[in-house]
Amino acid sequence: MKISTSNRVVVAALCASASFVTAAGLKADSLYFPNQPNNEGDNTLEDIDFTSSIIQTGSSGALAGKKYWVLDLATYNGNKQCFTLVTNGPAGGDSRIWVYDSTINDYRSLNDDANGTWYSQANIWIDPPSNGGRYVSPVISAYSAAYNGMQFFVQIIKRNSATTEAACTSGSTYKSTGSGTAFVNAT
Amino acid sequence: MSRNIKLYASVSVLVAASAIASAAWSSDKTYFVNQPQGIDVSLRNVDFATASVPLGSGPTAGRKVWDLDLSTNNGTSQCFEIATSGDGTGDTRLWVADQSLDDDSGDGLYSSARVWLVPTPGNYEYLTVTVAAYSSAYNSIKFSLDIRKRPGLTEAQCVGQGPAVKSIQGTRTFVNAN
């Protein structure tokens with residue numbers, strides 16, 4: 001169930017090519033949101049419908065039985081980047097944000113409930129090598145299979161490039177740096 | 001197909017606020033905004049077979065449609081590039097309001113076009129590009145939508161090749177639309 005990191009590298013390399021879908025195959029509904037050099041800030045708002053046939057259902061581990069949507073985040077060449085993810089939607093939805101944790105060989109919950117709702121919010125801090133990219137693929141799932149038919153949206157905010165690691169580490173935060181990975185205030 | 005421009009302005013202002021959601025849900029769509037500091041590439045997979053993806057009206061009647069809302073603000077002119085692609089079995093068309101922007105400028109029967117937005121100082125400039133099935137025969141296609149911001153391009157560089165639409169302070173012009 002782990003998303004292949006090598007696939008992400010391929011995606012990044014081919015991001016300027018319209019052949020992405022043909023080459024990689026259309027899988028689950030997902031969004032590629034990289035931080036290319038010379039750009040910073042901004043946000044995107046993605047509507048997600050878990051009833052869509054291209055939204056996959058976890059088959060094992062923490063995601064077993066739950067619909068989930070993959071977000072590919074990336075940054076390159078020493079450009080450290082803080083991202084903020086926020087889910088929200090009609091009342092009755094319940095989401096959870098996960099990141100794969102190799103130490104448990106499964107997805108680990110990063111955030112369950114935020115902002116006084118059953119929806120979720122988390123920060124992702126990526127510190128890439130000086131010459132190359134680093135990728136993090138948070139997963140947004142239904143809280144349980146009972147929410148596999150929900151519709152909601154995901155807001156993905158690329159924070160200003162001046163945002164420091166300390167400023168990014170607020171609430172539930174996942175860090176991926178040259179020193180390794182860390183879950184902070186995971187719930 | 002309804003579009004609430006004011007809502008998106010609110011989204012930009014309340015970027016971290018959770019209150020935007022309850023009013024926001026409609027069909028499957030991507031919101032791609034050029035804030036003072038910008039985004040790069042958004043790649044989204046779309047499945048027209050999803051029930052929440054609506055059918056169009058007017059020239060897209062009977063066809064599945066998916067809206068892409070583009071905007072820029074704070075006096076920042078911006079060039080966007082849009083392309084659909086897939087496994088070769090799909091056929092898309094890009095529309096702006098009731099006019100076709102592009103049919104087959106992308107790979108095979110897929111579509112590609114550019115958008116040039118120029119806001120008035122202190123305001124947003126919005127444009128919604130509708131990605132539609134070419135005909136109802138393609139209402140179940142799965143495809144990828146690639147949206148990228150092209151930083152640093154002038155108007156002439158942005159619209160100098162292929163189909164494009166310009167929205168300059170509320171005035172819309174099509175270039176090489178097909």
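Trainee: In this predicted model, which residues is B:Ile82 in contact with, leaving aside its neighbours within four places in sequence?

Mentor: They are B:Leu68, B:Leu94, B:Ser112, B:Ala113, B:Val115, B:Val129 and B:Ile147.

Trainee: What makes each of these a contact of B:Ile82?

Mentor: The C-beta atoms of two residues in contact lie within 7 Å; each listed residue is in contact with B:Ile82, so each meets that limit.

Trainee: Why is B:Ile82 called buried?

Mentor: B:Ile82 is among the residues with the most contacts inside the largest nonpolar core, which has 79 residues. A nonpolar core is a set of buried residues, and a buried residue has 20 or more other C-beta atoms within 10 Å of its own; therefore B:Ile82 meets that cut-off. Others with the most contacts inside this core include A:Leu71 and B:Val115.

Trainee: Which strand of chain A gives the most to this core?

Mentor: Strand 4 (residues 67-76) of chain A does, with seven residues.

Trainee: How do you know that strand 12 of chain A pairs with strand 13 of chain A?

Mentor: Pairing requires at least two bridges. Five bridges join strand 12 (residues 173-177) to strand 13 of chain A, so the two strands pair, and they run antiparallel. In strand 13 of chain A, A:Phe183 is the bridge partner of A:Tyr174.

Trainee: Why is strand 13 of chain A called an edge strand?

Mentor: In the open sheet of 11 strands, whose pairing is mixed, strand 13 (180-184) of chain A pairs on one side only, as does strand 6 (99-102) of chain B. Neighbouring strands of this sheet are turned by 20° against each other on average, direction ignored.

Conventions: Residues are numbered from 1 along each chain as its sequence is written. Chains are lettered from A and ligands numbered from 1 in the order in which they are written. This is a predicted model: local features need pLDDT of at least 70, side-chain atom pairs count only at pLDDT 80 or more; totals for chains, interfaces and linings use all residues. Helices (H or I, at least four residues) and strands (E, at least two) are DSSP runs, numbered from the N terminus. Axes are lines fitted to C-alpha atoms, for helices over the stretch in contact, and angles run from 0 to 180 degrees between N-to-C directions. A nonpolar core is a set of buried Ala, Val, Leu, Ile, Met, Phe, Trp, Tyr and Cys residues joined through C-beta atoms within 7 Å. A residue is buried if 20 or more other C-beta atoms lie within 10 Å of its own, exposed if 12 or fewer, and partly exposed in between; C-beta atoms are placed from the backbone.
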